[in-house]
Amino acid sequence: MKHRLLGEILKEGGLLSEERLAEALEVQREKGGKIGEILLQKGAIREEDLLKALGEQYGLALLPGISLDGLDTDFTHHIPIQFLKKYKMVPVISNEDGYVAVNDPMLFQPLDDIRMILDRADIKTALAPQSSILSAINFAYDISSDSAEQVIQDMHEEDSEKIISAVEETGDLLDNTSDAPIIKLVNLMLSQAVKAKASDIHIEPYQKKLKIRHRVDGVLYDMLSPPKHIQATLVSRVKIMARLNIAEKRLPQDGRIEIRIGDKNVDIRVSTIPTAFGERIVLRLLDKTNVLLRLTDLGMPEEKLHTFDKLIRSAHGIILVTGPTGSGKTTTLYAALNTINNPDINIITIEDPVEYQMEGIGQIQVNPKINLTFANGLRSIVRQDPDVILVGEIRDRETAEIAIQAALTGHLVFSTLHTNDSASAITRLIDMGIEPFLISSSVIAILAQRLVRTVCSDCREAYVPDEEILNNIGLSPEIVKGKEIYRAKGCQHCLNTGYKGRSGIFEFMILDDFMSDLILKNADSNSIEHMAVQRGMATLREDGAMKVLKGLTTVEEVLRVTQR
(Lines give C-alpha, C1' and ligand atoms only; values in the text may rest on other atoms or scores of the structure.)
Protein backbone atom coordinates (compact mmCIF):
# COMPACT_ATOMS: atom_id res chain seq x y z
CA MET A 1 0.00 0.00 0.00
CA LYS A 2 1.32 3.41 -1.03
CA HIS A 3 2.38 5.72 1.86
CA ARG A 4 0.12 8.79 1.76
CA LEU A 5 1.74 12.21 2.08
CA LEU A 6 0.75 14.45 4.97
CA GLY A 7 -0.01 17.45 2.76
CA GLU A 8 -2.31 15.34 0.59
CA ILE A 9 -4.24 14.03 3.63
CA LEU A 10 -4.75 17.58 4.94
CA LYS A 11 -5.83 18.79 1.48
CA GLU A 12 -8.27 15.92 0.98
CA GLY A 13 -9.78 16.54 4.40
CA GLY A 14 -10.47 20.17 3.41
CA LEU A 15 -8.07 21.42 6.11
CA LEU A 16 -5.50 22.96 3.76
CA SER A 17 -5.65 24.85 0.47
CA GLU A 18 -3.43 24.09 -2.53
CA GLU A 19 -1.80 27.55 -2.26
CA ARG A 20 -0.85 27.18 1.46
CA LEU A 21 0.59 23.71 0.76
CA ALA A 22 2.65 25.06 -2.16
CA GLU A 23 4.02 27.89 0.05
CA ALA A 24 5.01 25.40 2.77
CA LEU A 25 6.68 23.05 0.27
CA GLU A 26 8.69 26.02 -1.06
CA VAL A 27 9.90 26.83 2.49
CA GLN A 28 10.76 23.13 2.99
CA ARG A 29 12.83 23.10 -0.25
CA GLU A 30 14.72 26.24 0.81
CA LYS A 31 15.25 25.62 4.54
CA GLY A 32 14.37 21.97 5.14
CA GLY A 33 12.26 20.81 8.11
CA LYS A 34 9.05 18.83 8.52
CA ILE A 35 6.06 19.92 6.46
CA GLY A 36 3.69 19.65 9.46
CA GLU A 37 5.84 21.97 11.61
CA ILE A 38 6.15 24.50 8.76
CA LEU A 39 2.37 24.57 8.30
CA LEU A 40 1.86 25.05 12.07
CA GLN A 41 4.41 27.91 12.24
CA LYS A 42 2.73 29.65 9.31
CA GLY A 43 -0.66 29.29 10.99
CA ALA A 44 -2.03 27.36 7.99
CA ILE A 45 -3.40 24.55 10.19
CA ARG A 46 -4.17 23.89 13.88
CA GLU A 47 -2.34 21.33 16.01
CA GLU A 48 -5.44 19.11 16.22
CA ASP A 49 -5.68 19.07 12.37
CA LEU A 50 -2.03 18.01 12.13
CA LEU A 51 -2.46 15.26 14.73
CA LYS A 52 -5.60 14.01 12.96
CA ALA A 53 -3.69 13.77 9.66
CA LEU A 54 -0.66 12.10 11.34
CA GLY A 55 -3.02 9.57 12.93
CA GLU A 56 -4.43 8.74 9.51
CA GLN A 57 -0.95 8.56 7.96
CA TYR A 58 0.52 6.23 10.60
CA GLY A 59 -2.64 4.44 11.74
CA LEU A 60 -2.42 5.79 15.30
CA ALA A 61 -5.16 6.70 17.78
CA LEU A 62 -5.60 10.40 18.63
CA LEU A 63 -6.14 11.37 22.29
CA PRO A 64 -7.80 14.76 22.88
CA GLY A 65 -6.24 14.77 26.39
CA ILE A 66 -4.40 12.56 28.89
CA SER A 67 -6.24 11.38 32.01
CA LEU A 68 -4.08 11.85 35.11
CA ASP A 69 -6.33 9.69 37.33
CA GLY A 70 -4.52 6.51 38.40
CA LEU A 71 -1.43 7.44 36.35
CA ASP A 72 1.51 5.20 37.30
CA THR A 73 4.46 7.54 37.95
CA ASP A 74 7.01 4.76 38.47
CA PHE A 75 8.72 5.69 35.17
CA THR A 76 9.92 8.96 36.77
CA HIS A 77 12.58 6.96 38.67
CA HIS A 78 14.03 5.51 35.44
CA ILE A 79 13.60 8.20 32.76
CA PRO A 80 14.99 11.76 33.18
CA ILE A 81 12.39 14.53 32.84
CA GLN A 82 14.65 16.36 30.34
CA PHE A 83 14.50 13.36 27.95
CA LEU A 84 10.68 13.32 27.89
CA LYS A 85 10.40 17.09 27.54
CA LYS A 86 12.96 17.15 24.71
CA TYR A 87 11.07 14.54 22.64
CA LYS A 88 7.59 15.55 23.89
CA MET A 89 6.49 12.06 24.86
CA VAL A 90 5.22 10.47 28.07
CA PRO A 91 4.38 6.88 29.14
CA VAL A 92 0.74 6.67 30.25
CA ILE A 93 0.44 3.42 32.20
CA SER A 94 -2.40 2.43 34.51
CA ASN A 95 -2.67 -1.18 35.73
CA GLU A 96 -1.67 -3.47 32.82
CA ASP A 97 -2.89 -1.19 30.07
CA GLY A 98 -0.64 1.51 28.67
CA TYR A 99 0.75 3.50 25.78
CA VAL A 100 3.32 6.20 25.05
CA ALA A 101 1.70 9.54 24.17
CA VAL A 102 3.75 11.34 21.50
CA ASN A 103 3.45 14.57 19.57
CA ASP A 104 5.69 13.41 16.71
CA PRO A 105 5.33 9.73 15.65
CA MET A 106 8.55 9.86 13.60
CA LEU A 107 10.82 9.83 16.66
CA PHE A 108 11.40 6.08 16.46
CA GLN A 109 14.68 5.89 18.41
CA PRO A 110 13.47 7.65 21.62
CA LEU A 111 10.30 5.51 21.48
CA ASP A 112 12.40 2.35 21.34
CA ASP A 113 14.52 3.65 24.24
CA ILE A 114 11.40 4.09 26.40
CA ARG A 115 10.16 0.58 25.53
CA MET A 116 13.57 -0.84 26.48
CA ILE A 117 13.82 1.11 29.79
CA LEU A 118 10.30 0.11 30.81
CA ASP A 119 10.85 -3.45 29.51
CA ARG A 120 7.55 -3.22 27.63
CA ALA A 121 8.17 -4.14 23.95
CA ASP A 122 4.41 -4.39 23.39
CA ILE A 123 3.56 -0.85 24.55
CA LYS A 124 1.49 1.03 21.94
CA THR A 125 1.91 4.57 20.62
CA ALA A 126 -0.81 7.24 20.58
CA LEU A 127 -0.88 10.86 19.48
CA ALA A 128 -1.65 13.70 21.92
CA PRO A 129 -1.44 17.53 21.93
CA GLN A 130 1.86 19.01 23.14
CA SER A 131 0.18 20.83 26.08
CA SER A 132 -1.41 17.58 27.36
CA ILE A 133 1.93 15.76 27.18
CA LEU A 134 3.82 18.51 29.05
CA SER A 135 1.09 18.71 31.72
CA ALA A 136 1.28 14.92 32.24
CA ILE A 137 5.11 15.07 32.50
CA ASN A 138 4.98 17.91 35.06
CA PHE A 139 2.22 16.18 37.05
CA ALA A 140 4.11 12.86 37.19
CA TYR A 141 7.46 14.33 38.26
CA ASP A 142 5.83 16.74 40.71
CA ILE A 143 3.92 14.08 42.68
CA SER A 144 6.80 11.60 42.61
CA SER A 145 9.41 14.08 43.93
CA ASP A 146 10.40 14.01 47.58
CA SER A 147 8.28 16.08 49.90
CA ALA A 148 9.94 19.06 51.62
CA GLU A 149 9.45 17.27 54.96
CA GLN A 150 11.33 14.21 53.64
CA VAL A 151 14.26 16.39 52.47
CA ILE A 152 14.43 18.01 55.94
CA GLN A 153 14.52 14.58 57.59
CA ASP A 154 17.37 13.54 55.27
CA MET A 155 19.43 16.62 56.16
CA HIS A 156 22.45 16.36 58.43
CA GLU A 157 24.49 18.96 60.26
CA GLU A 158 27.36 18.73 57.75
CA ASP A 159 25.03 19.45 54.80
CA SER A 160 24.53 22.99 56.01
CA GLU A 161 28.23 23.65 55.50
CA LYS A 162 28.19 22.66 51.82
CA ILE A 163 28.83 25.45 49.32
CA ILE A 164 25.71 26.58 47.49
CA SER A 165 26.06 27.14 43.76
CA ALA A 166 24.18 29.98 42.05
CA VAL A 167 21.63 29.24 39.36
CA GLU A 168 21.93 31.92 36.66
CA GLU A 169 19.19 30.98 34.16
CA THR A 170 15.44 30.68 34.73
CA GLY A 171 15.25 26.90 34.73
CA ASP A 172 12.20 24.77 35.40
CA LEU A 173 12.36 23.79 39.08
CA LEU A 174 10.94 20.36 38.23
CA ASP A 175 13.95 19.81 35.91
CA ASN A 176 16.44 20.55 38.67
CA THR A 177 18.18 17.31 39.54
CA SER A 178 20.60 18.80 42.07
CA ASP A 179 21.48 16.50 44.98
CA ALA A 180 22.31 19.35 47.39
CA PRO A 181 19.60 19.02 50.08
CA ILE A 182 19.29 22.79 50.59
CA ILE A 183 18.67 23.38 46.86
CA LYS A 184 16.11 20.58 46.88
CA LEU A 185 14.41 22.08 49.96
CA VAL A 186 14.13 25.60 48.47
CA ASN A 187 12.84 24.21 45.16
CA LEU A 188 10.23 22.09 46.95
CA MET A 189 9.25 24.98 49.22
CA LEU A 190 8.60 27.15 46.13
CA SER A 191 6.81 24.47 44.11
CA GLN A 192 4.57 23.52 47.07
CA ALA A 193 3.64 27.19 47.58
CA VAL A 194 2.80 27.63 43.87
CA LYS A 195 0.72 24.42 43.96
CA ALA A 196 -1.21 25.70 46.99
CA LYS A 197 -1.74 29.04 45.13
CA ALA A 198 0.07 30.90 47.93
CA SER A 199 0.70 34.64 47.50
CA ASP A 200 3.59 34.87 50.00
CA ILE A 201 6.18 32.69 51.76
CA HIS A 202 7.55 33.80 55.14
CA ILE A 203 10.89 32.44 56.43
CA GLU A 204 10.92 33.42 60.11
CA PRO A 205 13.85 32.80 62.50
CA TYR A 206 13.21 32.56 66.25
CA GLN A 207 15.55 31.89 69.18
CA LYS A 208 15.41 28.09 69.03
CA LYS A 209 13.49 27.35 65.84
CA LEU A 210 12.95 28.30 62.22
CA LYS A 211 9.45 28.56 60.80
CA ILE A 212 8.25 28.66 57.18
CA ARG A 213 4.68 29.81 56.58
CA HIS A 214 2.72 30.63 53.45
CA ARG A 215 -0.28 32.85 52.82
CA VAL A 216 -3.19 31.24 50.97
CA ASP A 217 -6.33 33.29 50.23
CA GLY A 218 -5.09 36.01 52.58
CA VAL A 219 -4.47 33.77 55.64
CA LEU A 220 -1.07 32.53 56.90
CA TYR A 221 -0.62 28.77 57.42
CA ASP A 222 2.34 26.87 58.86
CA MET A 223 4.17 25.11 56.05
CA LEU A 224 7.42 23.66 57.46
CA SER A 225 9.61 23.80 60.56
CA PRO A 226 13.17 23.01 59.38
CA PRO A 227 15.95 22.49 61.97
CA LYS A 228 17.50 25.75 63.25
CA HIS A 229 20.99 24.76 62.05
CA ILE A 230 20.05 25.06 58.37
CA GLN A 231 18.88 28.66 58.79
CA ALA A 232 22.06 30.36 57.49
CA THR A 233 22.30 28.02 54.47
CA LEU A 234 18.61 28.39 53.62
CA VAL A 235 18.79 32.20 53.79
CA SER A 236 21.99 32.21 51.71
CA ARG A 237 20.41 30.00 49.06
CA VAL A 238 17.39 32.32 48.69
CA LYS A 239 19.66 35.40 48.65
CA ILE A 240 21.85 33.86 45.91
CA MET A 241 18.76 33.11 43.80
CA ALA A 242 17.63 36.74 44.27
CA ARG A 243 21.17 38.00 43.47
CA LEU A 244 21.50 39.73 46.85
CA ASN A 245 24.69 40.30 48.85
CA ILE A 246 25.00 37.20 51.09
CA ALA A 247 27.75 38.83 53.16
CA GLU A 248 25.49 41.73 54.18
CA LYS A 249 23.38 40.56 57.10
CA ARG A 250 22.84 43.87 58.93
CA LEU A 251 20.79 45.80 56.39
CA PRO A 252 17.43 45.13 54.72
CA GLN A 253 17.72 44.05 51.06
CA ASP A 254 15.28 43.69 48.16
CA GLY A 255 15.62 41.49 45.09
CA ARG A 256 13.68 39.31 42.70
CA ILE A 257 13.75 35.74 41.37
CA GLU A 258 12.19 34.46 38.16
CA ILE A 259 11.34 30.76 38.14
CA ARG A 260 9.37 28.34 36.06
CA ILE A 261 7.44 25.52 37.73
CA GLY A 262 6.00 23.21 35.08
CA ASP A 263 3.92 25.44 32.81
CA LYS A 264 3.81 28.39 35.24
CA ASN A 265 6.15 31.40 35.08
CA VAL A 266 6.44 32.88 38.56
CA ASP A 267 7.99 36.22 39.46
CA ILE A 268 9.12 36.38 43.10
CA ARG A 269 9.85 39.60 44.99
CA VAL A 270 12.26 38.97 47.85
CA SER A 271 12.57 41.18 50.93
CA THR A 272 15.02 40.52 53.78
CA ILE A 273 15.26 42.30 57.13
CA PRO A 274 17.69 41.68 60.02
CA THR A 275 16.06 40.50 63.28
CA ALA A 276 17.49 39.54 66.68
CA PHE A 277 17.67 35.85 65.64
CA GLY A 278 18.83 36.16 62.03
CA GLU A 279 17.49 37.42 58.73
CA ARG A 280 13.77 37.20 58.12
CA ILE A 281 12.71 36.75 54.48
CA VAL A 282 9.37 37.31 52.78
CA LEU A 283 8.84 36.13 49.21
CA ARG A 284 5.87 37.58 47.29
CA LEU A 285 4.81 35.22 44.49
CA LEU A 286 3.30 36.66 41.31
CA ASP A 287 2.07 34.06 38.85
CA LYS A 288 2.75 35.63 35.44
CA THR A 289 0.64 33.01 33.67
CA ASN A 290 -2.44 34.30 35.52
CA VAL A 291 -5.02 35.51 33.08
CA LEU A 292 -6.19 39.07 33.55
CA LEU A 293 -9.58 39.12 35.22
CA ARG A 294 -12.58 40.75 33.58
CA LEU A 295 -14.74 43.19 35.56
CA THR A 296 -17.49 40.54 35.69
CA ASP A 297 -15.09 38.12 37.48
CA LEU A 298 -14.45 40.40 40.47
CA GLY A 299 -17.68 39.55 42.31
CA MET A 300 -19.20 43.03 41.97
CA PRO A 301 -23.03 43.16 42.26
CA GLU A 302 -24.86 43.85 38.98
CA GLU A 303 -25.90 47.47 39.74
CA LYS A 304 -22.41 48.45 41.03
CA LEU A 305 -20.81 46.79 38.02
CA HIS A 306 -23.03 48.77 35.65
CA THR A 307 -22.17 52.08 37.39
CA PHE A 308 -18.44 51.30 37.60
CA ASP A 309 -18.37 50.32 33.91
CA LYS A 310 -19.97 53.68 33.03
CA LEU A 311 -17.54 55.66 35.23
CA ILE A 312 -14.35 54.06 33.86
CA ARG A 313 -15.37 55.34 30.43
CA SER A 314 -15.47 58.99 31.67
CA ALA A 315 -13.50 61.57 29.70
CA HIS A 316 -11.69 62.93 32.76
CA GLY A 317 -11.50 62.77 36.56
CA ILE A 318 -9.92 60.58 39.23
CA ILE A 319 -11.20 57.15 40.26
CA LEU A 320 -9.62 55.90 43.49
CA VAL A 321 -9.55 52.31 44.74
CA THR A 322 -8.81 51.95 48.46
CA GLY A 323 -8.10 49.08 50.82
CA PRO A 324 -5.22 47.51 52.77
CA THR A 325 -2.32 45.62 51.14
CA GLY A 326 -3.48 42.46 49.40
CA SER A 327 -7.11 43.52 49.02
CA GLY A 328 -7.03 43.21 45.22
CA LYS A 329 -6.85 46.95 44.34
CA THR A 330 -4.40 46.46 41.46
CA THR A 331 -6.42 43.54 40.06
CA THR A 332 -9.56 45.70 39.98
CA LEU A 333 -7.76 48.55 38.23
CA TYR A 334 -6.25 46.21 35.65
CA ALA A 335 -9.66 44.69 35.00
CA ALA A 336 -10.92 48.25 34.41
CA LEU A 337 -8.02 49.02 32.02
CA ASN A 338 -8.59 45.72 30.24
CA THR A 339 -12.24 46.69 29.70
CA ILE A 340 -11.53 50.11 28.17
CA ASN A 341 -8.29 49.18 26.38
CA ASN A 342 -8.66 49.68 22.63
CA PRO A 343 -6.52 51.20 19.84
CA ASP A 344 -8.42 54.55 20.02
CA ILE A 345 -7.00 55.53 23.40
CA ASN A 346 -3.51 55.97 24.82
CA ILE A 347 -3.09 54.33 28.25
CA ILE A 348 0.11 54.79 30.30
CA THR A 349 0.80 53.37 33.77
CA ILE A 350 3.43 53.98 36.42
CA GLU A 351 3.69 51.17 38.98
CA ASP A 352 5.82 49.66 41.71
CA PRO A 353 6.23 46.92 40.51
CA VAL A 354 4.58 46.21 37.13
CA GLU A 355 2.48 43.19 38.17
CA TYR A 356 0.74 42.30 34.90
CA GLN A 357 2.03 42.79 31.35
CA MET A 358 -0.71 44.22 29.14
CA GLU A 359 -0.79 44.41 25.36
CA GLY A 360 -1.15 47.94 23.93
CA ILE A 361 -0.40 49.78 27.19
CA GLY A 362 2.76 51.73 28.11
CA GLN A 363 3.95 50.57 31.55
CA ILE A 364 6.65 52.31 33.61
CA GLN A 365 8.39 50.72 36.60
CA VAL A 366 9.21 53.05 39.52
CA ASN A 367 12.96 53.15 40.27
CA PRO A 368 13.91 55.30 43.31
CA LYS A 369 17.65 54.63 42.75
CA ILE A 370 17.57 56.87 39.66
CA ASN A 371 14.92 59.20 41.13
CA LEU A 372 12.13 57.77 38.96
CA THR A 373 9.41 58.24 41.58
CA PHE A 374 5.63 58.23 41.11
CA ALA A 375 5.67 62.05 41.01
CA ASN A 376 8.55 62.39 38.51
CA GLY A 377 7.20 59.61 36.31
CA LEU A 378 3.71 61.11 36.37
CA ARG A 379 5.09 64.50 35.28
CA SER A 380 6.64 62.87 32.21
CA ILE A 381 3.55 60.75 31.44
CA VAL A 382 1.38 63.88 31.16
CA ARG A 383 3.65 65.05 28.31
CA GLN A 384 3.06 61.77 26.44
CA ASP A 385 -0.48 62.73 25.32
CA PRO A 386 -2.28 60.05 27.37
CA ASP A 387 -6.05 59.60 27.57
CA VAL A 388 -5.92 57.33 30.64
CA ILE A 389 -3.24 57.24 33.35
CA LEU A 390 -2.83 54.61 36.07
CA VAL A 391 -0.74 55.67 39.08
CA GLY A 392 0.12 52.59 41.19
CA GLU A 393 -0.35 54.47 44.47
CA ILE A 394 -0.75 58.04 45.74
CA ARG A 395 1.79 58.16 48.58
CA ASP A 396 2.50 61.87 48.97
CA ARG A 397 1.23 65.38 48.33
CA GLU A 398 3.33 65.88 45.19
CA THR A 399 1.92 62.78 43.44
CA ALA A 400 -1.63 63.71 44.51
CA GLU A 401 -1.28 67.27 43.16
CA ILE A 402 0.04 66.13 39.75
CA ALA A 403 -2.71 63.47 39.51
CA ILE A 404 -5.35 66.14 40.26
CA GLN A 405 -3.86 68.55 37.70
CA ALA A 406 -3.90 65.74 35.12
CA ALA A 407 -7.58 65.03 35.89
CA LEU A 408 -8.49 68.73 35.66
CA THR A 409 -6.77 69.04 32.27
CA GLY A 410 -8.84 66.33 30.61
CA HIS A 411 -7.25 62.99 31.61
CA LEU A 412 -8.88 60.01 33.30
CA VAL A 413 -6.69 58.97 36.24
CA PHE A 414 -6.90 55.67 38.15
CA SER A 415 -5.00 55.23 41.41
CA THR A 416 -4.99 53.50 44.80
CA LEU A 417 -4.83 54.72 48.41
CA HIS A 418 -4.19 52.77 51.61
CA THR A 419 -7.31 53.64 53.62
CA ASN A 420 -9.91 51.47 55.35
CA ASP A 421 -13.00 52.78 53.59
CA SER A 422 -14.07 55.17 50.84
CA ALA A 423 -14.91 58.12 53.13
CA SER A 424 -11.47 58.14 54.79
CA ALA A 425 -9.83 58.48 51.33
CA ILE A 426 -11.14 62.07 51.27
CA THR A 427 -9.72 62.89 54.71
CA ARG A 428 -6.41 61.20 53.78
CA LEU A 429 -6.04 63.52 50.75
CA ILE A 430 -6.86 66.56 52.94
CA ASP A 431 -4.26 65.36 55.50
CA MET A 432 -1.71 65.24 52.66
CA GLY A 433 -2.36 68.97 52.13
CA ILE A 434 -4.75 68.85 49.17
CA GLU A 435 -7.37 71.63 49.12
CA PRO A 436 -10.98 70.35 49.50
CA PHE A 437 -12.11 72.29 46.37
CA LEU A 438 -9.49 70.42 44.28
CA ILE A 439 -10.74 67.06 45.59
CA SER A 440 -14.42 67.85 44.92
CA SER A 441 -13.68 69.06 41.37
CA SER A 442 -11.39 66.17 40.34
CA VAL A 443 -12.36 62.94 42.20
CA ILE A 444 -15.44 61.37 40.60
CA ALA A 445 -15.67 58.07 42.53
CA ILE A 446 -14.00 56.05 45.28
CA LEU A 447 -14.21 52.27 45.48
CA ALA A 448 -13.25 50.58 48.77
CA GLN A 449 -12.75 46.82 48.64
CA ARG A 450 -11.74 43.69 50.54
CA LEU A 451 -11.29 40.08 49.54
CA VAL A 452 -13.38 37.44 51.31
CA ARG A 453 -12.63 33.73 51.02
CA THR A 454 -15.39 31.85 49.24
CA VAL A 455 -16.71 28.85 51.15
CA CYS A 456 -15.75 25.46 49.66
CA SER A 457 -18.74 24.09 47.71
CA ASP A 458 -17.62 20.47 48.35
CA CYS A 459 -17.82 20.55 52.15
CA ARG A 460 -19.82 23.64 53.21
CA GLU A 461 -22.68 22.95 55.59
CA ALA A 462 -25.92 24.86 56.11
CA TYR A 463 -26.83 26.00 59.63
CA VAL A 464 -28.98 28.52 61.48
CA PRO A 465 -26.74 31.27 62.96
CA ASP A 466 -27.48 33.01 66.29
CA GLU A 467 -29.44 36.24 66.08
CA GLU A 468 -26.51 38.11 67.66
CA ILE A 469 -24.06 36.91 64.97
CA LEU A 470 -26.50 37.96 62.22
CA ASN A 471 -26.93 41.40 63.85
CA ASN A 472 -23.16 41.89 63.67
CA ILE A 473 -23.31 41.99 59.89
CA GLY A 474 -26.65 43.81 59.77
CA LEU A 475 -28.95 40.87 58.96
CA SER A 476 -32.28 40.31 60.69
CA PRO A 477 -33.90 36.85 61.13
CA GLU A 478 -36.69 37.99 58.74
CA ILE A 479 -34.22 38.65 55.88
CA VAL A 480 -32.52 35.27 56.47
CA LYS A 481 -35.79 33.31 56.51
CA GLY A 482 -35.91 30.70 53.75
CA LYS A 483 -32.27 31.30 52.76
CA GLU A 484 -29.34 28.90 53.24
CA ILE A 485 -26.50 30.27 55.41
CA TYR A 486 -23.31 28.21 55.25
CA ARG A 487 -20.32 27.67 57.50
CA ALA A 488 -16.85 26.36 56.60
CA LYS A 489 -16.06 22.74 57.42
CA GLY A 490 -12.88 21.54 55.62
CA CYS A 491 -12.06 18.70 53.21
CA GLN A 492 -9.21 17.51 50.96
CA HIS A 493 -10.37 19.80 48.11
CA CYS A 494 -9.79 22.95 50.19
CA LEU A 495 -6.69 21.82 52.19
CA ASN A 496 -9.02 21.41 55.22
CA THR A 497 -9.54 25.18 55.48
CA GLY A 498 -13.22 25.16 54.48
CA TYR A 499 -12.57 27.85 51.88
CA LYS A 500 -11.55 27.78 48.22
CA GLY A 501 -10.77 30.93 46.21
CA ARG A 502 -11.69 34.55 46.92
CA SER A 503 -14.22 37.14 45.83
CA GLY A 504 -14.40 40.90 46.30
CA ILE A 505 -16.75 42.90 48.50
CA PHE A 506 -17.15 46.54 47.51
CA GLU A 507 -18.21 49.95 48.84
CA PHE A 508 -18.80 52.38 45.99
CA MET A 509 -18.96 56.12 46.75
CA ILE A 510 -19.89 58.44 43.90
CA LEU A 511 -19.02 62.09 44.49
CA ASP A 512 -22.18 63.89 43.35
CA ASP A 513 -23.07 67.54 44.16
CA PHE A 514 -24.30 66.71 47.68
CA MET A 515 -21.03 64.90 48.50
CA SER A 516 -18.96 67.73 46.98
CA ASP A 517 -20.71 70.32 49.17
CA LEU A 518 -19.90 68.24 52.25
CA ILE A 519 -16.21 67.96 51.23
CA LEU A 520 -16.02 71.75 50.70
CA LYS A 521 -17.29 72.19 54.28
CA ASN A 522 -14.29 70.13 55.51
CA ALA A 523 -16.55 67.43 56.99
CA ASP A 524 -15.01 64.46 58.80
CA SER A 525 -15.06 60.91 57.37
CA ASN A 526 -18.06 59.83 59.53
CA SER A 527 -20.24 62.65 58.16
CA ILE A 528 -19.11 61.86 54.61
CA GLU A 529 -19.92 58.16 55.09
CA HIS A 530 -23.30 58.98 56.66
CA MET A 531 -24.22 61.18 53.68
CA ALA A 532 -23.02 58.52 51.19
CA VAL A 533 -25.20 55.86 52.88
CA GLN A 534 -28.18 58.27 52.72
CA ARG A 535 -27.42 58.69 49.01
CA GLY A 536 -27.71 54.91 48.52
CA MET A 537 -24.18 53.59 49.16
CA ALA A 538 -23.96 49.99 50.47
CA THR A 539 -21.08 49.66 52.97
CA LEU A 540 -18.45 46.91 52.80
CA ARG A 541 -20.21 44.96 55.54
CA GLU A 542 -23.60 45.25 53.80
CA ASP A 543 -22.10 44.00 50.54
CA GLY A 544 -20.49 41.14 52.49
CA ALA A 545 -23.87 40.31 54.07
CA MET A 546 -25.39 39.98 50.57
CA LYS A 547 -22.64 37.45 49.68
CA VAL A 548 -23.47 35.48 52.85
CA LEU A 549 -27.15 35.37 51.80
CA LYS A 550 -26.10 34.11 48.35
CA GLY A 551 -24.16 31.26 50.00
CA LEU A 552 -20.78 32.47 48.68
CA THR A 553 -19.03 33.12 51.99
CA THR A 554 -19.50 32.91 55.77
CA VAL A 555 -20.52 35.42 58.45
CA GLU A 556 -17.13 34.91 60.18
CA GLU A 557 -15.25 35.74 56.99
CA VAL A 558 -17.16 38.99 56.41
CA LEU A 559 -16.55 40.03 60.05
CA ARG A 560 -12.83 39.15 59.71
CA VAL A 561 -12.22 41.49 56.78
CA THR A 562 -14.56 44.35 57.75
CA GLN A 563 -13.81 44.77 61.47
CA ARG A 564 -12.29 48.14 62.33
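Which residues are buried in H21? They are Leu540, Asp543, Gly544, Ala545, Lys547, Val548 and Leu549. This is a predicted model. The points below start with H21 and its neighbour H22, then turn to two helix pairs, a strand residue and two loop residues.

**Helix H21**

- Helix H21 spans residues 540-549 and is mostly covered.
- Seven of the ten residues of H21 are buried.
- The buried set includes Asp543 and Lys547, and both count as charged by residue class.
- Three helices pack against the buried residues of H21: H11 (302-311), H18 (477-480) and H22 (555-562).
- Three strands do so too: E16 (443-455), E18 (485-487) and E19 (499-510).
- Just after H21 comes Gly551, with a positive phi of about 80 degrees.

**Helix H22**

- In H22, the buried residues are Val555, Glu557, Val558, Val561 and Thr562.
- Viewed down the axis of H22, these buried residues fall within an arc of 165 degrees, so they line one face of the helix.
- The cover over them includes strand E17 (461-463) and helix H17 (467-472).
- E16, E18, E19 and H21 are also part of that cover.
- H21 and H22 therefore appear in each other's surroundings: H22 packs against buried residues of H21, and H21 helps to cover those of H22.

**Helices H13 and H14**

- Helix H13 covers residues 374-382, and helix H14 covers residues 397-408.
- Their axes come within 8 Å and cross at roughly 20 degrees.
- Angles under 35 degrees count as roughly parallel, so H13 and H14 are roughly parallel to each other.
- The crossing of H13 past H14 is left-handed.
- From H13, the contact uses Phe374, Ala375, Leu378, Arg379 and Val382.
- From H14, it uses Glu398, Thr399, Ile402, Ala403 and Ala406.
- By class, seven of the residues in this contact of H13 with H14 are nonpolar, one is polar and two are charged.

**Helices H19 and H20**

- Helix H19 (residues 513-520) and helix H20 (residues 525-534) have axes that come within 10 Å.
- These axes cross at roughly 170 degrees.
- Angles over 145 degrees count as roughly antiparallel, so H19 is roughly antiparallel to H20.
- Phe514, Met515 and Leu518 of H19 meet Ser527, Ile528, Met531 and Ala532 of H20.
- The contact of H19 with H20 has six nonpolar residues, one polar residue and no charged residues.

**His202 in strand E5**

- His202 is found in strand E5.
- Is His202 buried or exposed? Its relative accessibility is 9%, so His202 counts as buried.
- Leaving aside neighbours within four places in sequence, His202 touches Lys211, Ile212, Arg213, Arg215 and Leu220.
- Arg280, Ile281 and Val282 are also in contact with His202.

**Two loop residues with positive phi**

- Asp119 lies in the loop between helix H6 (108-118) and strand E4 (124-127).
- Asp119 is not a glycine, yet its phi is positive, near 55 degrees.
- At 68% relative accessibility, Asp119 is exposed.
- Lys197 sits in the loop between helix H9 (181-195) and strand E5 (198-205).
- Lys197 is not a glycine either, and its phi is positive at about 60 degrees.
- Lys197 has a relative accessible area of 67%, so it counts as exposed.

Notes:
Residues numbered from 1 in each chain as written. Predicted model: local features only at pLDDT ≥ 70, side-chain atom pairs only at ≥ 80, totals over all residues. Heavy atoms only, no water. Helix = DSSP H or I, 4+ residues; strand = E, 2+ residues; numbered from the N terminus. Buried < 20%, exposed > 50% of the residue type's maximum accessible area, 1.4 Å probe, protein only. Axes fitted to C-alpha atoms, helices over the stretch in contact; angles between N-to-C directions. Parallel < 35°, antiparallel > 145°, perpendicular 65-115°, else oblique. Left-handed = near helix turned anticlockwise from the far one by under 90°. Contact = heavy atoms within 4.5 Å. Arc of directions from axis to C-beta.
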